[in-house]
Amino acid sequence: MNTYEKIYEVVKRIPKGTVATYGQVARLAGNSHWARVVGYALHVNPDNGEIPCYRVVSKDGRVSEAFAFGGANIQRRLLEADGIEFRDDCVIMEKYQWETPFY
DNA sequence: CAGTTGACGGCCC
DNA sequence: GGGGCCGCCAACT
């Protein structure tokens, strides 16, 4: 299993109506030092239809302006469609962050 | 082959 | 509290 494969697996496991941080995904993928790699993995994003990259946000709950789909506003709309609320352009992490028991 | 960059995170000032 | 710097890994030039 490649590094990217793991990352994609984790991203696809993110429950609907929940968001995860890059660090969180990296940690679940096996290494907490892959935050940047996670970003790159989602950047190449081979399957934007099956990989909900919009559920991955920065540690602050902020989304990237360089979002591949057309901008942070698109990502925000997708998240809102999943029932996730925003507070001042930031996802309410305390409420919607994916609480991973341990994986 | 070596240097630089990147959808980040954490610590220091 | 806000801003800046360094570190991590993999891909790109």
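Buried means under 20% relative accessible area, exposed means over 50%, and partly exposed lies in between. The views below show a predicted model.

**View 1. The salt bridge between E9 and R13 in helix α1**. The E9 and R13 side chains meet at 3.7 Å, N to O. Both residues lie in helix α1 and are 4 residues apart, about one turn of the helix. R13 has a relative accessible area of 38%, so it is partly exposed. E9 is also partly exposed, because its relative accessibility is 29%.

**View 2. The salt bridge between R55 and D82**. The closest N and O atoms of R55 and D82 are 3.1 Å apart. This pair links distant parts of the chain, 27 residues apart. R55 sits in the loop between α3 and β2 (56–57), and D82 in the loop between α4 (72–81) and β3 (86–87). R55 is buried because its relative accessible area is 10%. D82, at 13%, is therefore buried as well.

**View 3. The salt bridge between D89 and R62**. In this pair the closest N and O atoms lie 3.8 Å apart. D89 is in the loop between β3 and β4 (90–91) and R62 in the loop between β2 and α4, so the bridge ties together parts 27 residues apart in sequence. D89 is partly exposed, with a relative accessible area of 38%. R62 is partly exposed too, at 39%. Elsewhere, salt bridges with shared partners join E9, K12 and R13 into one network. The model has 7 salt bridges by this rule.

**View 4. The surface near DNA strand C**. Y4, H33, W34, R36, V37 and Y40 surround this strand. Among the atoms of strand C within 4 Å of the protein, 67% are sugar and phosphate. Helix α3 (residues 35–44) gives the most to this surface, with 3 residues. The surface residues comprise 4 nonpolar, 1 polar and 1 charged. A polar side-chain atom of R36 lies 2.5 Å from a base oxygen of DNA strand C.

**View 5. The surface near DNA strand B**. There are 16 residues around this strand, and R36, L42, H43, K59 and F67 come nearest. Sugar or phosphate supplies 38% of the strand B atoms within 4 Å of the protein, and bases supply the rest. An N or O atom in the R36 side chain is 2.6 Å from a base nitrogen of DNA strand B. H43 places a backbone N or O atom 2.7 Å from a base nitrogen of the strand. The S64 side chain has an N or O atom 3.1 Å from a sugar or linking oxygen of DNA strand B. Elements giving two or more residues to the surface are α2 (22–29) and α3. The most come from α3, with 5 residues. The surface holds 7 nonpolar, 7 polar and 2 charged residues.

**View 6. The largest nonpolar core**. This core has 18 residues, of which I7, V11, V25, V38 and L42 touch the most other members. Two or more residues each come from α1 (3–13), α2 and α3. Setting aside residues up to four places away in sequence, V11 touches V25, L42, I51, P52, C53 and V56. A second, separate core has 13 residues, including V19, V57, V91 and M93.

**View 7. Q24 in helix α2**. Q24 has a relative accessible area of 17%, so it is buried. Its side chain makes a polar contact with the T100 side chain at 2.7 Å. Apart from neighbours within four places in sequence, Q24 is in contact with Q97, W98 and T100.

Note on methods:
Residues are numbered from 1 along each chain as its sequence is written. Chains are lettered from A and ligands numbered from 1 in the order in which they are written. This is a predicted model: local features need pLDDT of at least 70, side-chain atom pairs count only at pLDDT 80 or more; totals for chains, interfaces and linings use all residues. Side-chain values use heavy atoms; hydrogens and water are left out. A residue is near a molecule or strand if one of its heavy atoms lies within 4 Å of it. A polar contact is a pair of N or O atoms within 3.5 Å; within protein, one must be able to donate a hydrogen and the other to accept it, and residues adjacent in sequence count only if both atoms are side-chain atoms. Ala, Val, Leu, Ile, Met, Phe, Trp, Tyr, Cys and Pro count as nonpolar, Asp, Glu, Lys and Arg as charged, and the others, Gly among them, as polar. A nonpolar core is a set of buried Ala, Val, Leu, Ile, Met, Phe, Trp, Tyr and Cys residues joined through side-chain atoms within 4.5 Å. Buried means under 20% relative accessible area, exposed over 50%, partly exposed in between (1.4 Å probe, protein chains only). Contact means heavy atoms within 4.5 Å. A salt bridge is a side-chain nitrogen of Lys or Arg within 4 Å of a carboxyl oxygen of Asp or Glu.
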